[in-house]
Amino acid sequence: MKFTVDVDVQVPVADGTHLATNLWRPEVDEGTAFPTLLVRLPYGKDNVSLYGGAAFPNIFTLVEAGYAVAVQDCRGTYRSEGIFTPHLDDASDGADTVRWLTAQPWCNGAVGSYGASYVGFDQWQTASTGVEGLKAIAPAQSTADFYRAPWYSPGGAMSLECGFSWAALMSVAHADRELAAGRGTAEDLTAAAELMTRIPAALETTPLVDHPVIRKQLPWFITDVCGHPSRDKYWRDLAAIERVEEISTPALILGGWYDLFIGETVNAYTEMRRRGGSQEAREGQLLVIGPWAHSPGADLGAFPDRSFGAGASMQMAEVTQSHVRFFDRWLKGSETALDDQAPVRIFVMGRDEWRSEQEWPLPDTRYTDFYLGGGGRANTSGGDGVLSQEAPEASAQETYLYDPRRPVPTTGGNIIALSPEVYAGPADQSQVEEREDVLCFTTPVLEHEVEATGHVSLTLFVSSSAVDTDFTGKLVDVHPDGRAINLCEGIQRARYRESLAEPEFMRPGEIYELTLDLCVTSNVFLPGHRIRLEVSSSNFPRYDRNSNSGGTIAEERLEDMVPALNHIHHGPSHPSRLTLPLIERGTRRAGGSS
C-alpha cells in the first residue's frame, strides 16, 4: 500500500500553542476518511523506534490496515512550541489534539491511541478528560497514578533510580533544545551528556535537590517531585486513576513482570474493570503481561541470569497484531475482531509458557500465608530463617543494623537501567544475600510445583531505634544450582504506614504491624526449588535510602543520615507472614518438601 507522510504539521491547542505533528495516511481514493491513531511523546516524533519494535506496534502495518497515524511532540519538546512541564498540560493538549483530528476531512471521527511509558501516561491523561472521539487506548508499560509509579511507590519511598535517570535523559534533550534556540551553551549540553554517562555515581548525590544539572535543565524534578514526598493534592490532581469513572474508553494494557510500572499496570486494569465510565470501557479491557522489563532490549525475555525461552519476546506475543485487532474492534466496529482474544493473557514463569485467563486477579486464587520463623538468626542466606505454612510455636526477634551510608545494593529488578553497567529484570541475588543486614526466610526443597500468580503481600511486625526507617521485601525463586532469582519486590516507608498523604513517625522501640505491597508476579516454583523471602531496610538506588532521621530525605546530606537498629518480630504474638496467591489446578496443595 502507498501512503503519504506530512511532517511538522502545526496543530493548534486552546492557548494558541502549536504542536508539531507527523501525519501518516494511506494513499487511497480521494475523499476517503480513516480512523486515526494518536501518539504523543516527549522523546521526538522523528525517532525511528516509533516505526515499530518493543511495545510499539509496527507503524507500516497500522497504515496498511487502514489507519492514519498522528505522531506528535509534546509541548515544549523537540519541534513543538511552549514549555515542557511533565504531566501539566498533557490532558488538555491531548484532548485538543483529538478534537483537531476528528475535525479533519480525512479522519472518520474515530481516534485511538497507543504507545509505551510516557506515551502511555499521556493516553490515560487524555482519556480522563472524556474528550469526544477518543474510542480506545493502548497504554503499554505505563501508569495512571504518577505518585505510585514512577516517581514514588505504593509504600512512599522515592523510585530514585527511575526518576533521576529520566530527569537526566530529559536534561540532555532540554539542553540541546536551548542551545539550538540560542538560549543555552555548549557547556550546558556537555554537562548534561556527561551526566548520562555516570548515572550510577550521580545517584549517590546528597542532598538530591542540589544536583546542578537537574536543577538547571529540569527544575520540575526538584520542585515538584522532590518537593512533594507525600501523595498530596498535587499528585491526586494529576492521577487519572482518581477520575476513572470519567474514562469511557476500552484499553489494551501491556505490562512486564519486571517492568517498574507493573503494579500500576494491573491496578489500572482492575480499576477500569470495576469503575470504568461506561459498560464498553468496563468490558473492553484487555491485559497482556510478559516476562519483560522497562530497559532497552528487555522486551526479549532474555536476561544474563535467566532466560524465558524463544516464545517470551514481545514480538512472539504478537504486539502489532494485537493492536490491529483491538483497534479494528473499537475504531472500525468489527464485532468479531477480538473473538479469539482472551481478556487476560499472561506469561507464567517457571513453566515459561503463555496462558489465557478470563479475569484478573484469577478467580481461583487461594491466598496462602507463609509464616516467618527461626531462632532469630536469619541474617544472610546461611542463617536459620524459615518460611512455612505452619505457624511457628516459638517467638523470636531478628535484628540487623541498617546504615543508609552502606545500603543494600539493587541487583536487577524493576528499574529503568539506562546505564550499561546495570540491568533490569531477573538477577541472581546470592551476593546480596551474603550481607548481615539482609534476612532470608526459606522453605525446604519443594517436592511438588507451587504456582504463585497474582498480588503478593508481606505482613511484618517491626520495631526500630529510629523515628522513621524503611522495610523491604523481595520474593525469590531459589534454583537447584544455587541461583536466587528475584520475582517481585516492595518497600514500606514507616512514616507512611497508615497513609501516603499524612506521615506519622514511629516511637523508637514500639512494635508496629506493617503491610508491604510486593507487587505482582506469575511463577511456578518447580520441584527441587525453594521459595525465599528477603527482608531488609534498603534497596538502593531502586528506592532512595531512608536517612532514619525523620527529615526531608531529598534535602539531607550524607552526614545527616544515622544508622538504625531494626527488628523483625515473629511467632504466635507477632505473626509476620508472606501471603502468596496460589493457583492449584490439578496439582497437590503447596507445601510438599523433602
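User: Why is Val 5 called partly exposed rather than buried or exposed?

Analyst: In this predicted model, Val 5 has a relative accessibility of 33%. Buried means under 20% and exposed means over 50%, with partly exposed in between, so Val 5 at 33% counts as partly exposed. The place of Val 5 is in strand 1, and its C-alpha lies 47 Å from that of Thr 206, a residue 201 places away in sequence.

User: What makes Phe 3 partly exposed, and where does Phe 3 lie?

Analyst: Phe 3 has a relative accessible area of 32%, and because the class in between runs from 20% to 50%, Phe 3 is partly exposed. Phe 3 lies in strand 1, and the C-alpha atoms of Phe 3 and Trp 24 are 6.9 Å apart in space, although the two residues are 21 apart in sequence.

User: Which residues make the nonpolar surface patch, and how do you know that Tyr 51 has enough accessible area to belong to it?

Analyst: The patch, of about 490 Å², is made by Phe 3, Val 5, Val 7, Val 48, Tyr 51 and Phe 60. A patch residue needs over 30% relative accessible area, and Tyr 51, at 32%, counts as partly exposed and so passes that cut-off. Tyr 51 lies in the loop between strand 3 (34-41) and helix 1 (59-64), whereas the largest share of the patch, three residues, comes from strand 1 (residues 3-12).

User: Why is the contact between Arg 75 and Asp 15 called a salt bridge?

Analyst: The closest N and O atoms of Arg 75 and Asp 15 are 2.8 Å apart, and the cut-off for a salt bridge is within 4 Å, so the pair qualifies. Arg 75 lies in the loop between strand 4 (68-73) and helix 2 (90-102), while Asp 15 lies in the loop between strand 1 and strand 2 (18-26), so this salt bridge ties together parts that are 60 residues apart in sequence. Arg 75 counts as buried, at 10% relative accessibility, whereas Asp 15, at 53%, counts as exposed.

User: What makes Asp 96 and Arg 99 a salt bridge, and is each residue buried or exposed?

Analyst: Their side chains meet with an N to O distance of 2.7 Å, and since the cut-off is within 4 Å, the contact is a salt bridge. Both residues lie in helix 2, three residues apart, which is about one turn of the helix. An α-helix has 3.6 residues a turn, so residues three or four places apart point the same way. Asp 96 is buried, because its relative accessible area of 16% is under 20%, whereas Arg 99, with 44%, is partly exposed.

User: How do you know that the salt bridge between Glu 534 and Lys 474 links distant parts of the chain?

Analyst: The side chains of Glu 534 and Lys 474 meet in a salt bridge at 3.3 Å, N to O. Glu 534 is in strand 21 (residues 530-536) and Lys 474 is in strand 18 (residues 470-478), and the two are 60 residues apart. Glu 534 is buried, and Lys 474 is buried as well.

User: How many salt bridges are there in the model, and which residues are linked in a network of them?

Analyst: The count comes to 47 salt bridges. Arg 351, Arg 355, Glu 357, Asp 364, Glu 449, Glu 451 and Arg 585 are linked in a network.

User: Why is helix 3 described as largely enclosed by the rest of the structure?

Analyst: Of the 10 residues of helix 3, 10 are buried, so the helix is largely enclosed by the rest of the structure. Among the buried residues of helix 3 are Tyr 118, Phe 121 and Trp 124.

User: Which helices help to line the largest pocket, and what makes up its lining by class?

Analyst: The largest pocket holds about 840 Å³ of space, and of the 37 residues that line it, the closest to its centre are Tyr 43, Phe 56, Ser 117, His 294 and Pro 296. Helix 3 (118-127), helix 4 (147-151) and helix 5 (160-180) each supply at least two lining residues, and the largest share, six residues, comes from helix 5. By class, the lining has 27 nonpolar, nine polar and one charged residues.

User: What is the volume of the largest cavity, and which residues lie nearest its centre?

Analyst: The largest cavity has a volume of about 120 Å³, and the count of cavities of 30 Å³ or more comes to eight. Of the 13 residues that line the largest cavity, Leu 160, Thr 205, Thr 206, Leu 208 and Asp 544 lie nearest its centre.

Terms used
Residues numbered from 1 in each chain as written. Predicted model: local features only at pLDDT ≥ 70, side-chain atom pairs only at ≥ 80, totals over all residues. Heavy atoms only, no water. Patch = residues over 30% accessible without salt bridge, like charges linked within 9 Å, V, L, I, M, F, W, Y side chains within 5 Å. Areas by Shrake-Rupley, 256 points an atom, 1.4 Å probe, with all protein chains shown as cover. Helix = DSSP H or I, 4+ residues; strand = E, 2+ residues; numbered from the N terminus. Buried < 20%, exposed > 50% of the residue type's maximum accessible area, 1.4 Å probe, protein only. 1 Å grid on protein atoms, 1.4 Å probe; cavity = no way out; pocket = protein on both sides within 12 Å on 5 of 7 lines; lining within 4 Å. Points joined across faces, edges and corners; volume = space filled by probe spheres on them. Nonpolar A, V, L, I, M, F, W, Y, C, P; charged D, E, K, R; others polar.
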